Amino acid sequence: MSFDLPRNVILPVDTIDVRLDPGTHPFARDNECAIAENWQREIAANPALFDGTVVLLSRLAWGDNRLVGCCHAVNYSTFMLWRKRRENSGAEHAYAHAMLVAGDNALVAIRMGARTVSPGRVYFAAGSFEPLDFRDGRVDVDFNMIREVREETGLDLSNAERGKRYHALSTASGTVIFRRYHQTEPADEIARRISAFVATETDPEIEGPVIIRHAADLPDGLAPHMKPLVEWHFESGK
């Protein structure tokens, strides 16, 4: 198991070859009792949590603008314990962001809802990779991005103009793979549509949209990994 990629720098990515291994992740195998005990504490604190299926990496490397890795399906309860024991765990987390760019070049992010595991946090609509995001064993990053944005905001990005390539930022907390998705409407109109969608949801995942208009326009609750992404967008142009 190895993780070989530069940290805390935005990397260009042309190819993503992350595969789903059908075997059990060693972290899940070696921490079965601790996972069950921790999950009881987690759901006591937040009964809304659901023990679904996500994936954890056992290997990830970057070179020649390629991300290559291996991951395993795990229960969300396994992921929750890993968040507390990630150092020297032999596991890492990767997720994807559709960087929503409005017609006026503002960014449209979201603020997570009170019943989620990250209440009040601001980032681009996203979720962990799940087994349904894989095609023939290989992750389909754009499918994940479009699915998560639709679930959280009601927006359909299937026909949106996309950035020519992906980029990635790997930090101690995980690796985010992101790509610009362009909308023609101004940010205020996109935010209005998201707010209207949230108002129809019985149990929305998000509190609402957050517009970021320039590199210094950093909202309260911004997730730490977001600041370099915001700066990159406004410094690198449309």
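Let's start in strand S7, where Leu107, Ala109 and Arg111 point one way while Val108, Ile110 and Met112 point the other, and all of them are buried. The model in front of you is predicted, so that is worth keeping in mind as we walk through it. In a regular strand, side chains alternate between the two faces of the sheet. With six of its six residues buried, S7 (residues 107-112) is mostly covered.

What does S7 pair with? One partner is strand S14 (residues 206-212), which runs antiparallel to S7 and is joined to it by six bridges. Within that pairing, Leu107 has Ile212 of S14 as its bridge partner. Strand S8 (residues 122-123) also pairs with S7, again in the antiparallel sense, over two bridges. Here you can look for Ile110, which stands opposite Tyr123 of S8.

Two of the residues we have just met lead us to the largest pocket, which has a volume of about 1,200 Å³. Of the 39 residues that line this pocket, Tyr76, Met112, Val117, Tyr123 and Ser128 are the closest to its centre. Met112 belongs to the buried set in S7, and Tyr123 is the residue of S8 that faces Ile110. Which elements supply at least two residues each to the lining of the largest pocket? They are strand S4 (53-63), helix H3 (76-84), strand S6 (94-101), helix H4 (141-153) and strand S12 (166-171). By class, the lining comprises 17 nonpolar, 11 polar and 11 charged residues.

Helix H4 deserves a closer look. Its 13 residues reach 18 Å from the first C-alpha to the last, close to the 18 Å expected at 1.5 Å a residue. Is H4 mostly enclosed or open? Because 10 of its 13 residues are buried, meaning under 20% relative accessible area, H4 is largely enclosed by the rest of the structure. The buried residues include Val141, Met145, Ile146 and Val149, and also Asp142, Arg147, Glu148 and Glu152. Just after the helix comes Gly154, with a positive phi near 85°.

Finally, turn to the second largest pocket, with a volume of about 210 Å³. Its lining has 16 residues, and those nearest its centre are Arg7, Arg86, Ala91, Glu92 and Ala172. By class, this lining divides into five nonpolar, seven polar and four charged residues.

Note on methods: Residues numbered from 1 in each chain as written. Predicted model: local features only at pLDDT ≥ 70, side-chain atom pairs only at ≥ 80, totals over all residues. Heavy atoms only, no water. 1 Å grid on protein atoms, 1.4 Å probe; cavity = no way out; pocket = protein on both sides within 12 Å on 5 of 7 lines; lining within 4 Å. Points joined across faces, edges and corners; volume = space filled by probe spheres on them. Helix = DSSP H or I, 4+ residues; strand = E, 2+ residues; numbered from the N terminus. Nonpolar A, V, L, I, M, F, W, Y, C, P; charged D, E, K, R; others polar. Buried < 20%, exposed > 50% of the residue type's maximum accessible area, 1.4 Å probe, protein only. Pairing = 2+ DSSP bridges. Expected span 1.5 Å × (residues − 1).
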